[in-house]
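Visitor: Please show the structure, and then explain how its parts are put together.

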Number of protein chains: 2
Amino acid sequence: MVSDQNTTAPLSRPLTTKHVRYELITLGDELLLGLTANGHLTFIGAQLGRRGALLNRNVTITDEADAIAAQFRESWARADVIITTGGLGPTCDDRTRDVIAEVLGQKLVFDETIKLAIEERFARFGRKMTDNNLKQAYVFERGEVLPNANGTAPGLWVEQDGKVLVMLPGPPNELQPMFLDQVVPRLAARGCLLEREAYVQLRTAGIGESALETKLQPIFDRIGSSLSVAFCAHQGAVDCRVSSPGGQLNAADLEAVAAECAQLLGDDFVCYGHDSLARVCADQLRAQEKRLAVVETATGGLLANVFTEVCGACKFFAGGVVCCSNDAKMQLLDVPECLLLQHGSVSDEAAVAMATGAAETLSADYALAVTGFAGAAETGAGGNPVGTIFIALFSPAGVWSKKLSYPGPRSTVKVRAVNAALDWLRRELVRAQRGEATPARRISAMQ
Amino acid sequence: MVSDQNTTAPLSRPLTTKHVRYELITLGDELLLGLTANGHLTFIGAQLGRRGALLNRNVTITDEADAIAAQFRESWARADVIITTGGLGPTCDDRTRDVIAEVLGQKLVFDETIKLAIEERFARFGRKMTDNNLKQAYVFERGEVLPNANGTAPGLWVEQDGKVLVMLPGPPNELQPMFLDQVVPRLAARGCLLEREAYVQLRTAGIGESALETKLQPIFDRIGSSLSVAFCAHQGAVDCRVSSPGGQLNAADLEAVAAECAQLLGDDFVCYGHDSLARVCADQLRAQEKRLAVVETATGGLLANVFTEVCGACKFFAGGVVCCSNDAKMQLLDVPECLLLQHGSVSDEAAVAMATGAAETLSADYALAVTGFAGAAETGAGGNPVGTIFIALFSPAGVWSKKLSYPGPRSTVKVRAVNAALDWLRRELVRAQRGEATPARRISAMQ
């Protein structure tokens, strides 16, 4: 949601800082070898985007000194703000500090304060400090140190040649607080980021990317080229982000466009902004003072997990059960054995019995059950192929089930099944909030 | 594990294909805005790495035509194989096909077969096809089509100027099977990838990256520069990968080095290769014909999920319970209320009672319980700060608990707690397999 809500007249300065060119250099063979995900791109790109700056480029290169030097020279010539991640650690493949100092013509100096902080950290966790850790105490002679509260390698900030260089440590739990607490305020103070966020995002569910674009296109066509539109499909949700890169539309204009889109989308509209489906459900449950239980086989704990990610989940989340075997369903939820034997554990009947058992055992108002064949090992009994999922929803108005079918590997099927369950619950909660009667039979349009 | 196990003499050709320069161009504002993770880098980098090729560079750029053209020209001049992902879809921001055709001086032609496949797919899923989808039926006049079994946009393969261009669709469930089934065999046939995998990776747990390097360094020093070593720290595990980029060491040599490292590491050595801690535990449980139950508060379902990710989990996984409230613990696991009231739900006593309750309720031989304060909302009662985690392990030899403390955000704390629980179970299972007596009190070195 646009936070700059007080502005109704056109802004005197543009809503974006597109004139500032940002490049992100992510270092590490482990990224190129696919051993770790490039979460830094996701995190830093999102943070910059929220403040009106588009990351122009992300380059991931190897740990080799030559590659680092060549890429840094190129980026330094082209961009205004260069952010590097990784390569500041203690091992022999951490070379970034030395290489970049040489390109910038700077000396590295040993910082006693950092040495003490590293020693103190090792002592606190009862570990022995090896000497290679002291490498992390070398800093630029003309630069600033960004202290690292969560690790040994500090970040480094250099302003030179009218440009900014920010060097951040690789571990996400060290990089992220450092970026939010120290880097964002410095960049905003120098006019490289907006003080506040500057776009509107609509989150939708139950509608595909191309259908969404087709549906909303008449609105976008009417407004014309002052509006920039980007779509992003997740599994089970599609985001539509509207902004005005030239600044012709102000925050109130963008909100009006978004509201018109939301109106047109009806219940396919989930929320403005970045709230997860689970968060939207959680807000509804809390507002209506209802409690939810879940029981899952095919999704293996992921459904319970999305709710426990929400702060204060105890208020609305009664608990979850993860079961593979019929035994567990009978032991924990009193699902009748005869039902499982007659209909199979992957069936409408089993899903309904599981949802009902979870709601009753855990004294919940709503319950979701997910059962099915998510992956290759569970070759479908009863004629159900792999990818077959049954979801049941227990609510104060009744209990229903539906059968879905997803292509793809196990992890994809699991995520899509979780999202389908969440979206069904969301729609039911929204209906309940509006006081609408629940239809006797409901079929989701979402595959 | 090196799969080329029959080779004992030095190989006639090098173990890597480092002479082939690979670049990956990942397209999409959604990557630079941090809306989606760059899973393509992870996936493609890993697949190339396993076949002896190192991805030299990954560049992520915006969807703008100028940016795509400039980057493609640069990469085409520098690399031998260029892989692009994304930008082949139906919406207006999908421009890659047109831009690259122009740079290569190729015409795009309409392919009726693809049109029919797209129409058939929409019909199968009962959705209406909008006209913008037909854009996906345009292909290079001199190139090949890589059919897409899981989506509408086909991949494209072009050989020109002695180089290879591979264009892949963005959705992971479409890209991944296309890459494995169609792209890897084609690249291997052209000598750009090895026919088989060519390195050895040791996975370790309970030892930090710098301590691991220090411990193994004497072995690496003795062998010298023919050996290349890379470390990669995950949360809770550190991988060490040994290879011989120049080909001086053959597969058997690398296996001997890895075996010496494993011997030195003792129980900190988890496995060769990429098996997860959960998979290693699963293999042990199956081999020993034991069953596991889990109960978790702070980790919210993630612990259950890692086991259900393993194929055929029903064989060893008795089930899991996810609870926030004391009610759920009492209702599902018969944890005595007086115990929870006296010691608090985040305590050694609660963890032990939960593990015992889970093992008994679900008739399991082993049980893991995780309770604690993972995130900011759960301000620690009983003097325990956020990040405090209690883990209990129930085994045929007894039940123990331990208290851990993790810095960082909720998601980090959860993952580290899951890994700590897994590693404890793994060590206990390995001891049981060796027939060793369980010490009366055990303290993990892992923080």
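**Strands, sheets and the two chains**

Visitor: In β2(B), which residue is the bridge partner of B:Glu23?

Guide: This is a predicted model, in which local features need pLDDT of at least 70, side-chain atom pairs count only at pLDDT 80 or more, and totals for chains, interfaces and linings use all residues. Residues are numbered from 1 along each chain as its sequence is written, while chains are lettered from A and ligands numbered from 1 in the order in which they are written. Strand β1 (residues 22–27) of chain B runs parallel to β2(B) and is joined to it by six bridges (strands are DSSP runs of E, at least two residues, and helices of H or I, at least four, numbered from the N terminus; two strands pair if DSSP finds at least two bridges between them). In β2(B), the bridge partner of B:Glu23 is B:Arg57.

Visitor: How many bridges join β2(A) to strand β2 (residues 55–61) of chain B?

Guide: One bridge partnership is that of A:Ile61, whose partner in β2(B) is B:Arg57. The two strands run antiparallel, and the number of bridges joining them is five.

Visitor: By how many degrees are neighbouring strands of the sheet of twelve strands turned against each other on average?

Guide: The twelve strands form an open sheet of mixed pairing, in the order β6(A)-β7(A)-β8(A)-β3(A)-β1(A)-β2(A)-β2(B)-β1(B)-β3(B)-β8(B)-β7(B)-β6(B). At its edges stand β6 (144–146) of chain A and β6 (144–146) of chain B, each with a single partner strand, so one side of each has no neighbour in the sheet. Axes are lines fitted to C-alpha atoms, for helices over the stretch in contact, and angles run from 0 to 180 degrees between N-to-C directions. For neighbouring strands of this sheet, direction ignored, the average turn is 15°.

Visitor: At about what angle to β1(B) does helix α2 (residues 39–50) of chain B run?

Guide: This helix lies across β2 of chain A together with β1, β2 and β3 of chain B. Contact requires that the C-beta atoms of two residues, placed from the backbone, lie within 7 Å. Relative to β1(B), the helix runs at about 165°.

Visitor: As by what kind of axis are the two copies related?

Guide: A turn of 180° and a shift of 0.1 Å along the axis lay chain A on chain B with an RMSD of 0.1 Å (by least squares on the C-alpha atoms of residues with pLDDT of at least 70 in both copies). The copies are thus related as by a two-fold rotation axis.

Visitor: How many charged residues has the side of chain A that touches chain B?

Guide: Of the interface residues of chain A, 100% are also interface residues in chain B, so the copies meet through the same surface. The contact takes 79 residues from chain A and 79 residues from chain B. Elements giving two or more residues to the side of chain A include α2 (39–50), β2 (55–61), α7 (209–223) and β14. By class (Ala, Val, Leu, Ile, Met, Phe, Trp, Tyr, Cys and Pro count as nonpolar, Asp, Glu, Lys and Arg as charged, and the others, Gly among them, as polar), this side has 36 nonpolar and 34 polar residues, and its charged residues number nine.

Visitor: Which strands stand at the edges of the sheet of ten strands?

Guide: The order of this open sheet, whose pairing is mixed, is β17(A)-β16(A)-β15(A)-β13(A)-β14(A)-β14(B)-β13(B)-β15(B)-β16(B)-β17(B). Each edge strand has a single partner strand, so one side is left without a neighbour, and the two are β17 (398–405) of chain A and β17 (398–405) of chain B.

Visitor: About what angle does the direction of helix α14 (residues 410–434) of chain A make with that of β16(A)?

Guide: Strand β14 (residues 317–322) of chain A pairs in the antiparallel sense with strand β14 (residues 317–322) of chain B over three bridges. In β14(B), A:Gly320 has B:Val322 as its bridge partner. Helix α14 packs on the sheet, touching β15 (366–372), β16 (388–395) and β17 of chain A, and its direction makes with that of β16(A) an angle of about 25°.

Visitor: How many residues of strand β9 (residues 200–205) of chain A are buried?

Guide: Six bridges join β9(A) to the antiparallel strand β11 (residues 237–243) of chain A, and three join β9(A) to strand β12 (residues 269–272) of chain A, also in the antiparallel sense. A residue is buried if 20 or more other C-beta atoms, placed from the backbone, lie within 10 Å of its own, exposed if 12 or fewer, and partly exposed in between. Both faces are covered, by A:Val200, A:Leu202 and A:Thr204 on one side and A:Gln201, A:Arg203 and A:Ala205 on the other. The strand is largely enclosed by the rest of the structure because its buried residues number six of the six.
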